[in-house]
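Open the model in your viewer and keep a selection box ready. The stops below follow one another, so work through them in order.

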Amino acid sequence: MEIQNIKQISIIDYLQQQGYSPARVQGIHFWYCSPLRNESTPSFKVNTERNQWYDFGTGDHGDIIDLVCALQHCSTAEAMRRLATLKGVRLA
């Protein structure tokens, strides 16, 4: 599985599998209470068109690999292994 294929894994689907639900949906933008910290007002936005996220509370942002690194406190290589396993494929 190439890095570009991994980056196509839906952030929305990944967050749902991790137990996170959007607080609101506005077109292509899904708003969550940040999974990276405690908050009561949603400030974590996922753009489904770009498959990218932005945390307005911290300024952190990125793609699915960056999100897994932040949530799981792991390296990029480990995040890619986890995502490949999630999709049931082996990294080349």
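Is Asp55 buried or exposed? Select Asp55 and find out: the residue is buried, with a relative accessible area of 0%. Keep in mind throughout that this is a predicted model.

**Stop 1: the partner of Asp55**

Add Arg37 to the selection. The side chains of Arg37 and Asp55 form a salt bridge, with N to O at 2.6 Å. Arg37 sits in the loop between strand 2 (29-32) and strand 3 (44-47), while Asp55 belongs to strand 4 (residues 52-55), so the bridge ties together parts that are 18 residues apart in sequence. The two ends differ in their surroundings: Arg37 is partly exposed, at 27% relative accessible area, whereas Asp55 is buried, at 0%.

**Stop 2: from helix 1 to the start of helix 3**

Select Lys7 and Asp63. Their side chains meet in a salt bridge of 3.4 Å, N to O. This pair links distant parts of the chain, 56 residues apart: Lys7 is in helix 1 (residues 3-7), and Asp63 is in the loop between strand 5 (61-62) and helix 3 (64-72). Lys7 counts as partly exposed, at 27% relative accessibility. Asp63 counts as buried, at 10%.

Stay on Asp63. What does a side-chain oxygen of Asp63 reach at the start of helix 3? The backbone nitrogen of Ile65, to within 3.0 Å. So show the backbone here as well as the side chains.

**Stop 3: along helix 3**

Color helix 3 by burial. Its buried residues are Ile64, Ile65, Leu67, Val68, Cys69 and Leu71. Which elements do they pack against? Show helix 1, helix 2 (11-17), strand 3, strand 4 and helix 4: the buried residues of helix 3 pack against these.

Move on to His73, which follows helix 3 and has a positive phi, near 50°. His73 lies in the loop between helix 3 and helix 4. At 71% relative accessibility, His73 counts as exposed.

**Stop 4: another positive phi**

Most residues other than glycine have a negative phi. Now select Asn51, a residue other than glycine whose phi is positive, near 55°. Look for Asn51 in the loop between strand 3 and strand 4. Is Asn51 buried or exposed? Asn51 is buried, with a relative accessible area of 12%.

**Stop 5: the cysteines**

Select Cys74 and Cys69, and display the sulfurs. Why is there no bond between them? The closest cysteine sulfur to that of Cys74 is in Cys69, 4.8 Å away, which is too far for a bond. The structure holds zero disulfides. Cys74 is buried, at 17% relative accessible area. Cys69 is among the buried residues of helix 3. Then pick Cys33: this cysteine is partly exposed, at 30%.

**Stop 6: helix 4**

Side chains of opposite charge can pair when their charged atoms come close. Select Glu78 and Arg82 for a case within one helix. Their side chains meet in a salt bridge, 3.0 Å from N to O. The two residues are four apart in helix 4 (residues 76-86), so about one helical turn separates them. Both count as partly exposed: Glu78 at 24% relative accessibility, and Arg82 at 35%. Elsewhere, salt bridges that share partners join Arg37, Glu39 and Asp55 into one network. Add Glu39 to your first selection to see that network. How many salt bridges are there in the count? Five.

**Stop 7: the sheet**

Switch to cartoon and select the strands. Five strands form an open sheet, with antiparallel pairing, in the order 1-2-3-4-5. Which strands are at the edges? Strand 1 (24-26) and strand 5, each of which pairs on one side only.

Zoom in on strand 4 and strand 5. They pair in the antiparallel sense over two bridges. Select Trp53, and look across to strand 5: Gly62 stands opposite. Strand 4 is also where the tour began, since Asp55 lies in this strand.

Key:
Residues are numbered from 1 along each chain as its sequence is written. This is a predicted model: local features need pLDDT of at least 70, side-chain atom pairs count only at pLDDT 80 or more; totals for chains, interfaces and linings use all residues. Side-chain values use heavy atoms; hydrogens and water are left out. A salt bridge is a side-chain nitrogen of Lys or Arg within 4 Å of a carboxyl oxygen of Asp or Glu. Buried means under 20% relative accessible area, exposed over 50%, partly exposed in between (1.4 Å probe, protein chains only). A disulfide is a pair of cysteine sulfur atoms within 2.5 Å. Contact means heavy atoms within 4.5 Å. A polar contact is a pair of N or O atoms within 3.5 Å; within protein, one must be able to donate a hydrogen and the other to accept it, and residues adjacent in sequence count only if both atoms are side-chain atoms. Two strands pair if DSSP finds at least two bridges between them.
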